[in-house]
Amino acid sequence: MRKVTWALSLLIVLSLLLAACGAPPTQPPPEAAPETQAEEATPETEEAADTTDAAAEEAAPEAEPTAIVAEAGTGDIQLVYWNGLTGSDGGTMVEMVEAFTEENPDISVRVEMMQWSTYFDKLLTSLVSGNPPDLFLLHEFEIPQFASQGVLQDTSDYYTSNGGPIPDEDILPHVMKALEYKGGRYGVPLDLHGWGLWYNKDLFEAAGLDPEACPTNGEEFLDYARKLTLDANGNDATSPDFDPENVVQWGTQVSWFKPTVLSTMWQYGADWTDGEGNATMNSEQAMAAVQFWYDLIYTDHVAPQPAGFDGWQSFAGGQLAMTPEGSWMLNFNDENEINWGVCPLPQFGDQPATWTSSHVIYTPTSLEGEKLDAAQRLIGYLTSQGLVWATSGQPPARVSQLEAMTLEEFPSAKVLGDSFMEFGRYDTANECIQEIIDIGYMPELDSIFNGIKTVEEGLNDANARIQDILDRCQ
Amino acid sequence: MDNEMIMNAGRRDGPTPPRKQVGSWRTWRWTLGNYLFILPFMILFSIFVIGPILYAFYMSLHEWKVLARQHPFVGLENYRQLLKDDIWWIALRNSLYFAFLTSAVNTVFALFVAIGVSRPILGRDFYRFIFYAPVVLSVSAMGIIMSWMMNTQFGVINYFLIWFGLPPVKWLADTYLVVPSLSIATVWWGFGFPMLLYIAGLQGIPEHLYEAARIDGANSWRITWHITLPLMRPTIFFVAITQLIAHFQVFGQPLIMTNGGPGRASFTTIMYLYQTAWRFFRMGYGTTIAVGLAFVILFFTLLQFRLFGRQSVVEY
């Protein structure tokens with residue numbers, strides 16, 4: 001009897017463990033709160049889930065744990081549209097959908113917005129259970145991961161070249177190319193967002209810098225950062241009396257590692273892979289690119305150690321003068337009444353390059369009949385409204401819309417959109433891209449920038465991990 | 001008559017249980033009713049717990065991409081990979097560190113608080129309420145609150161440290177401090193529950209033992225040491241075991257407060273499991289991590305049984 005009791009006790013222990021449903025103190029959160037900044041910071045933060053900077057961003061202004069649902073129209077054909085736009089651009093999206101249902105009274109749309117972290121869990125579950133939404137938003141680099149498992153509809157026939165309504169000749173060629181996977185074309189791009197340099201004009205003026213001029217290369221960037229970094233005694237980083245242990249205003253920060261480091265590596269002629277199945281994260285050029293940012297923290301003392309530093313709040317509070325950040329920062333800056341300026345990412349290396357990405361609208365393979373037709377009409381409408389979408393800071397994906405933007409109407413989207421068209425780059429597509437980011441290099445970059453590993457150690461480790469993943473994911 | 005009543009006191013109604021004859025019909029008939037009582041639970045338990053456990057083990061023997069239609073059988077390959085996966089070992093080390101630290105502090109701290117609030121002090125119920133209140137928070141709410149309080153730049157804890165002329169502390173941003181900081185946050189959040197168990201345990205100690213000790217001239221400390229603690233051994237053992245099992249599976253706190261950083265200093269096993277299964281769609285390897293963790297916890301649970309199990313039986 002005693003043995004039976006023991007066996008039963010152990011079975012219960014085992015079952016608790018395997019079911020991963022322990023006592024309250026360790027249950028997973030109903031909403032994985034991490035990515036809560038402007039949802040754009042998050043989609044990628046999704047992948048980048050490990051940057052402490054992301055953690056800082058997350059902590060920033062608001063945490064919205066519940067899904068936001070908006071009903072548009074009363075038509076009989078009912079569509080469900082999921083996205084992760086929980087920031088103020090979610091409101092812009094809803095307005096666009098409402099305008100669509102007014103023009104198309106036979107269709108009603110239920111827009112469900114949720115945190116990207118929750119979003120991916122829900123999306124995966126819905127796809128597995130065979131009950132996905134009729135439309136959903138992903139990013140272009142996620143296409144291989146999802147398409148390889150057969151859950152995305154090939155949308156080649158949505159485009160005019162195949163008799164559909166979306167003018168593919170009006171979409172940037174490299175954006176179109178990013179939608180292709182094994183002969184198919186997946187989704188319709190909504191925008192082309194990416195990485196630039198945001199700065200505080202008031203702090204520029206206080207440092208005697210021209211608030212309308214930006215640093216354009218690494219040398220100028222460092223010079224600006226030194227003048228903008230102040231210690232508690234008011235000395236800037238050019239002063240011999242500067243106290244790096246007591247900084248109250250930082251010149252810059254690394255920000256979200258993924259876009260900052262990828263952009264810099266590309267500028268130095270490096271990448272995490274050579275595209276032929278080999279990891280190249282520890283190449284000389286990659287080391288030089290990462291070393292550039294490492295030195296800003298530990299040699300020049302113009303950027304803080306990322307862990308524990310809240311970049312967005314510091315920027316809002318006037319404690320950070322320049323930050324590499326995404327085009328989605330516009331609303332945050334406006335809401336916090338920052339006297340902001342924005343410019344293309346400076347050229348730190350030998351060639352201009354900056355990280356970009358796209359929100360892409362998808363339909364599941366299971367969608368058919370009148371719902372499929374309605375979804376195509378909605379997608380066509382949304383992507384034709386790029387200029388409305390650009391009011392939230394995201395440059396549109398269509399060339400005609402990009403060219404129609406004016407500096408007066410779209411000051412940040414215009415500046416950044418032009419740079420994205422000129423030298424923007426997408427990350428290399430791979431079926432295991434999420435793993436490469438989350439396991440391969442992000443934690444290693446975090447270790448490097450927080451002084452846990454040297455640049456060489458961190459990048460060697462990252463390279464080995466990426467190679468392991470590539471060996472499995474060819 | 002009175003004597004008979006006294007002799008029958010405590011004896012259950014109904015037929016006298018048969019003498020032990022293993023396998024006999026009388027024994028079965030006697031115990032059948034008991035099994036019927038637990039049958040509904042066992043059916044649900046089998047469907048929703050034992051079934052998934054077996055299925056998880058089955059999945060761990062396959063390359064199981066969640067959305068794929070084909071799941072190739074790979075035998076023990078996932079387990080072989082797990083053993084040489086340094087991220088698994090890093091995550092396991094962090095989980096062990098967190099689990100032992102938090103369970104130890106929680107077990108001891110909650111006990112002393114329980115002893116404190118079991119005494120007839122002014123505002124006893126108020127203190128019980130205040131100490132228990134954080135338990136009702138969700139991990140998300142607790143995580144957000146504590147990550148703001150422990151924020152290096154804007155946190156209220158550092159604000160007071162600076163106010164007292166002390167240097168600010170990088171609670172969640174320092175490689176060595178991050179796990180203890182998560183542990184502090186978790187103890188604050190969760191010690192109310194073991195405190196409740198202890199209070200219940202304390203109420204089960206017969207009052208006459210204390211009276212006798214006091215008559216013999218024992219002071220409070222000696223009463224606590226020689227009566228309360230020994231008689232609380234079963235409850236302490238129960239709390240220690242359940243705390244360890246629970247905290248081995250830490251997930252929400254590091255996910256919300258540190259995202260596993262800095263570097264991988266607070267990256268835990270369940271975070272790795274979650275990431276592998278739900279971010280990378282590798283359910284086969286994810287379940288392998290789950291099975292691996294289950295065996296690790298089983299090992300430590302058995303070890304606890306072995307080391308302390310015998311001491312957990314108390315007879316008055």
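**Helix H18, strand S3 and the two domains of chain A**

In the predicted model, helix H18 of chain A, which spans residues 433-449, carries a kink of about 35° at Tyr441(A), a position shortly before the proline Pro443(A). H18(A) is mostly covered, with 17 of its 17 residues classed as buried. Just after H18(A), the backbone of Gly451(A) adopts a positive phi of about 75°.

These features belong to a chain of 474 residues, of which buried residues make up 57%. The secondary structure of chain A comprises 19 helices and 15 strands. When contacts in chain A between residues at least 6 apart in sequence are considered, 76% of them join residues that are at least 24 apart.

The domain assignment divides chain A into domain 1, made up of the segments 68-114, 133-192 and 358-425, and domain 2, made up of the segments 196-355 and 430-472. The C-alpha centres of domain 1 and domain 2 of chain A are 30 Å apart, and 20 residues of domain 1 are in contact with 18 residues of domain 2. On the side of domain 1 of chain A that touches domain 2, at least two residues each are supplied by helix H4 (88-103), helix H6 (143-147), helix H17 (411-423) and strand S15 (424-425). Of the contributions to this side of domain 1, that of H17(A) is the greatest, at 7 residues. By residue class, the side of domain 1 of chain A that touches domain 2 consists of 8 nonpolar, 10 polar and 2 charged residues.

A further element of chain A, strand S3 (residues 107-113), pairs with two other strands, in the antiparallel sense with strand S1 (residues 68-72) over 5 bridges, and in the parallel sense with strand S2 (residues 77-83) over 7 bridges. In the pairing with S1(A), Glu71(A) stands opposite Arg110(A) of S3(A), whereas in the pairing with S2(A), Leu79(A) has Val109(A) of S3(A) as its bridge partner. The two faces of S3(A) can be told apart by their cover, with Ile107(A), Val109(A), Val111(A) and Met113(A) on the covered face, and Ser108(A), Arg110(A) and Glu112(A) on the uncovered one. Val109(A), the bridge partner of Leu79(A), thus lies on the covered face of S3(A), while Arg110(A), the residue that Glu71(A) stands opposite, lies on the uncovered face.

Key:
Residues are numbered from 1 along each chain as its sequence is written. Chains are lettered from A and ligands numbered from 1 in the order in which they are written. This is a predicted model: local features need pLDDT of at least 70, side-chain atom pairs count only at pLDDT 80 or more; totals for chains, interfaces and linings use all residues. A residue is buried if 20 or more other C-beta atoms lie within 10 Å of its own, exposed if 12 or fewer, and partly exposed in between; C-beta atoms are placed from the backbone. Helices (H or I, at least four residues) and strands (E, at least two) are DSSP runs, numbered from the N terminus. Two strands pair if DSSP finds at least two bridges between them. The bend at a residue is the angle between axes fitted to the seven residues ending there and the seven starting there. Domain bounds come from an automatic or database domain assignment. Two residues are in contact if their C-beta atoms, placed from the backbone, lie within 7 Å. Ala, Val, Leu, Ile, Met, Phe, Trp, Tyr, Cys and Pro count as nonpolar, Asp, Glu, Lys and Arg as charged, and the others, Gly among them, as polar.
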